[in-house]
Number of protein chains: 2
Amino acid sequence: MDINVVNALTYEDFVKLFGNVVEKCPLIPAAIWSHRPFKDLADIEAHIRKFIHSLPDSGKEGVLRCHPDLAGLDLQRGTLTRESQEEQSQAGMTTLDSAESLQMYSLNTDYKERFGFPFVICARLNSKADIVRQLSERLKNDRAVEEVTTLCSLRLRNIVLSDIQTKL
Amino acid sequence: MDINVVNALTYEDFVKLFGNVVEKCPLIPAAIWSHRPFKDLADIEAHIRKFIHSLPDSGKEGVLRCHPDLAGLDLQRGTLTRESQEEQSQAGMTTLDSAESLQMYSLNTDYKERFGFPFVICARLNSKADIVRQLSERLKNDRAVEEVTTLCSLRLRNIVLSDIQTKL
């Protein structure tokens, strides 16, 4: 996919295409459209990263709070976004047994009580065992925003490497 | 509705309840949840206003770009959010004749080409004639963000004055 194709998109098509690269935050791609023309995919990623880091702490926490729990209510109810559904599925979150589900519920609850936002991890890059281990161990939250930008990077690549025409 | 009820909400219920007070920007209520406890409804509004004004210009434009055109494609396709559908309906945008529709299309297109974001106006506070007149005349965009916060204020009041239990 040619970056010139991306640079020629109206903001409406740009947001339609990249609207969920940061979960439930179409505001972010809608904002960085202002910075066209982009040099390449890495340039788009850099603008998104810069935008998120420019937010006040409450805004960074807001981005995190737009993410669903891993193996949480949205997965059970079928209300995950397509992107989250794919990610959680790849990490084995859709095939937990009842003991594993209960463990995830308990760990998620503890994490949210401690930090006021959900545990966010790039599910595609971690196995089920890794996720449970990190969810148990991550007592510091300084990695949370970095996980969002990693997720975003993979979602962007997924779009750009597939056929843009089918998404517009 | 008691502000203590709002202050006791988890971030998940808070975002569920107030997620679309700024069109398609759940990031914003998710962010200002960090500022609990709120004194009253006006305090919530003030935090939202402050958050939007703290965004870089690209972010303010991003908020505007999350809004649909008035009498635009989303209305035609039935893909407006519930809130926008109600607002556009109250302003008579759902019952335009073909000449009026064409006029709105033309005015919207001109406006978006000029500014790079859609014409946003508080449809509930303006008649169809007012909207067409302002869309034709508003050559400066400094009112756009103010319209977003007025819209937000009315959406907040609508939620808070109705029965919270039915929304959670």
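**View 1. Chains A and B of this predicted model meet through the same surface.** Of the interface residues of chain B, 100% are also interface residues in chain A, so the two copies use the same surface to meet. The contact draws 30 residues from chain B and 30 residues from chain A. Look for B:Tyr11, B:Leu27 and B:Arg65 here: on the chain B side, these three lose the most area to chain A, and together they make up 32% of what that side buries. Between them, the two chains bury about 2100 Å², with 66% of that on carbon and sulfur atoms.

**View 2. A half turn takes one chain onto the other.** Turn chain B by 180°, shift it by 0.0 Å along the axis, and it lies on chain A with an RMSD of 0.0 Å. The two copies are thus related as by a two-fold rotation axis. If you want a landmark for that axis, pick B:Cys25: its C-alpha sits 3.2 Å away, the closest approach of any residue of chain B.

**View 3. B:Cys25 and B:Cys66 stay unbonded.** B:Cys25 shows up again here, this time for its sulfur. The closest cysteine sulfur belongs to B:Cys66 and is 4.0 Å away; with a cut-off of 2.5 Å for a disulfide, that is too far for a bond. B:Cys25 is also buried, with a relative accessible area of 1%.

**View 4. A:Cys152 is another cysteine without a disulfide partner.** Over all chains, the disulfide count comes to zero. For A:Cys152, the nearest cysteine sulfur is that of A:Cys25, 10 Å away. A:Cys152 is buried too, and its relative accessible area is 2%.

**View 5. Helix α4 of chain B packs against helices from both chains.** This helix covers residues 41–54, and its 14 residues should span 20 Å at 1.5 Å a residue; the end C-alpha atoms are indeed 20 Å apart, so the two values agree. Its buried residues are B:Leu41, B:Asp43, B:Ile44, B:Glu45, B:His47, B:Ile48, B:Phe51 and B:Ile52. What do the buried residues of α4(B) pack against? From chain A there is α5 (57–65), and from chain B there are α1 (3–7), α3 (27–32), α5 (57–65) and α10 (144–160).

**View 6. B:Asp40 reaches in at the start of α4(B).** Zoom in on the side chain of B:Asp40: one of its oxygens comes within 3.2 Å of the backbone nitrogen of B:Ala42.

Technical notes
Residues numbered from 1 in each chain as written. Chains lettered and ligands numbered in written order. Predicted model: local features only at pLDDT ≥ 70, side-chain atom pairs only at ≥ 80, totals over all residues. Heavy atoms only, no water. Helix = DSSP H or I, 4+ residues; strand = E, 2+ residues; numbered from the N terminus. Expected span 1.5 Å × (residues − 1). Buried < 20%, exposed > 50% of the residue type's maximum accessible area, 1.4 Å probe, protein only. Contact = heavy atoms within 4.5 Å. Polar contact = N/O pair within 3.5 Å; in protein donor to acceptor, adjacent residues only side chain to side chain. Least-squares fit on C-alpha atoms with pLDDT ≥ 70 in both. Buried area = accessible area lost by both parts, 1.4 Å probe.
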